[in-house]
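Student: I have a model open with a ligand in it, and I would like to learn how to read it. Could you walk me through it?

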Amino acid sequence: MADYEYVLSSVDGPVGIVTLNRPKQLNALAGPLMRELGEAVEAHDADASIRAIVITGGPTVFAAGADIREMSNATPVDMLARSFSAQWDRIGKVRKPLIAAVAGYALGGGCELAMLCDIIVAGDNARFGQPEINIGLIPGAGGTQRLTRSVGKFVASEMILTGRMLGAEEAFQRGLVARIVPRELIVEEAVRLGKDIASRAPIAVQLAKEAITQAFEGRVDDGIALERKAFYLLFATQDSHEGMRAFIDRRAATYEGR
Ligand code: CAA
């Protein structure tokens, strides 16, 4: 198994498990972590003995979003040049079922990563949110599209425009998560689900995933393209840099509408 710095990769029978492992930064999804995540998930996807893949984080945080420090001085051109979106696309292209096992915070890119999976298992302490508005940004990895399709326009708007988070129970009621289990059991439950899927006909599973993805993501592409342009454009505003700087400096941001 390859050696990674920011993720752990393991196998339990027919289920591959990739664990985000940058706990001091609350698994903030920096470029190097995203590259390793893409590699680890693709390696499981390419392994014929693996039939489902679990992505998980730590007991109190799945992932706190894209790395704000890494983005705080970025221009739109930097974001384009870094191929920020390419790493996310790799996860979206995986053919085997992806199961997110989420305990604690799944915020910003963390929530978007969970929504790139096919099934979300939530611990009782899970909290889902798209709080980018608090730092002068918007979701940039599919959140405006996938959250809206998952929980509906009105709840998604409240979450994206105010940063309000959904707890596990509300996320379950709104259809974002498939089941809630005690936080210490998320990986066990996700692996159990993965093994259940692994006992089914592999080609039927693959084609079912493809068809469901089509139902969910059909026409999302246009929305994603618009979201990406808007997300990158926001790096040209003073407010986004003020918002990110204020987060790092642990102070309230002052927005000027510029
Ligand atoms: N990027 C970089 N560092 C982060 C981070 C992030 N997204 N989230 C947390 N950290 C760091 C903090 O800076 C802090 O580092 P230091 O100890 O070096 O100061 C460390 O992780 C611990 O964080 P906190 O002290 O803030 O922990 P907390 O328990 O008080 O709060 C939290 C937890 C509510 C998750 C809070 O950290 C938070 O609000 N994080 C940011 C969430 C966010 O805005 N996410 C969206 C990012 S933008 C994005 O994701 C764009 C996109 O769509 C792809």
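Student: Which pocket does the space taken by the ligand correspond to?

Tutor: Happy to help, and keep in mind that this is a predicted model. Pockets can be ranked by size, and here the ligand takes up the space of the second largest pocket.

Student: Next, the shell. How many residues surround the ligand, and which are the closest?

Tutor: The shell is the set of residues with a heavy atom within 4 Å of the ligand. Here 25 residues surround the ligand, and A66, G109, E112, E132 and G140 are the closest. By character, the shell holds 14 nonpolar residues, five polar ones and six charged ones.

Student: Which helices and strands each supply at least two residues of that shell?

Tutor: Those are α2 (68-71), β6 and α5 (109-116). The largest share comes from α2, with three residues.

Student: Now the polar contacts. Which atoms of I68, G109 and E132 lie at short N or O distances from the ligand?

Tutor: Look at whether the backbone or the side chain takes part. I68 places a backbone N or O atom 2.9 Å from a nitrogen atom of the ligand. G109 also uses a backbone N or O atom, 2.9 Å from an oxygen atom of the ligand. With E132, a polar side-chain atom lies 2.8 Å from a ligand oxygen atom. Taking the protein as a whole, 74% of the 990 Å² of accessible area that the ligand has on its own is covered.

Student: β6 came up among the shell elements. In what order do the strands of its sheet run?

Tutor: Read a sheet by strand order and pairing sense. This one is an open sheet of four strands, ordered β4-β6-β8-β9, with mixed pairing. β4 (61-63) and β9 (166-167) are the edges; each has a single partner strand, so one side of each has no neighbour in the sheet.

Student: In which sense do β6 and β8 pair?

Tutor: Strands β6 (residues 105-107) and β8 (residues 127-129) pair in the parallel sense, over three bridges. To find the pairing on screen, start from Y105, which stands opposite R127 in β8.

Technical notes:
Residues are numbered from 1 along each chain as its sequence is written. This is a predicted model: local features need pLDDT of at least 70, side-chain atom pairs count only at pLDDT 80 or more; totals for chains, interfaces and linings use all residues. Side-chain values use heavy atoms; hydrogens and water are left out. Two strands pair if DSSP finds at least two bridges between them. A polar contact is a pair of N or O atoms within 3.5 Å; within protein, one must be able to donate a hydrogen and the other to accept it, and residues adjacent in sequence count only if both atoms are side-chain atoms. Accessible areas come from the Shrake-Rupley method with a 1.4 Å probe; for residues, only the protein chains shown count as cover. On a 1 Å grid over the protein atoms alone, a cavity is a set of points where a 1.4 Å probe fits but cannot get out, and a pocket is an open set with protein on both sides within 12 Å along at least five of seven lines; lining residues have an atom within 4 Å of a point. A molecule sits in a cavity or pocket if more than half of its atoms lie within 2 Å of its grid points. Ala, Val, Leu, Ile, Met, Phe, Trp, Tyr, Cys and Pro count as nonpolar, Asp, Glu, Lys and Arg as charged, and the others, Gly among them, as polar.
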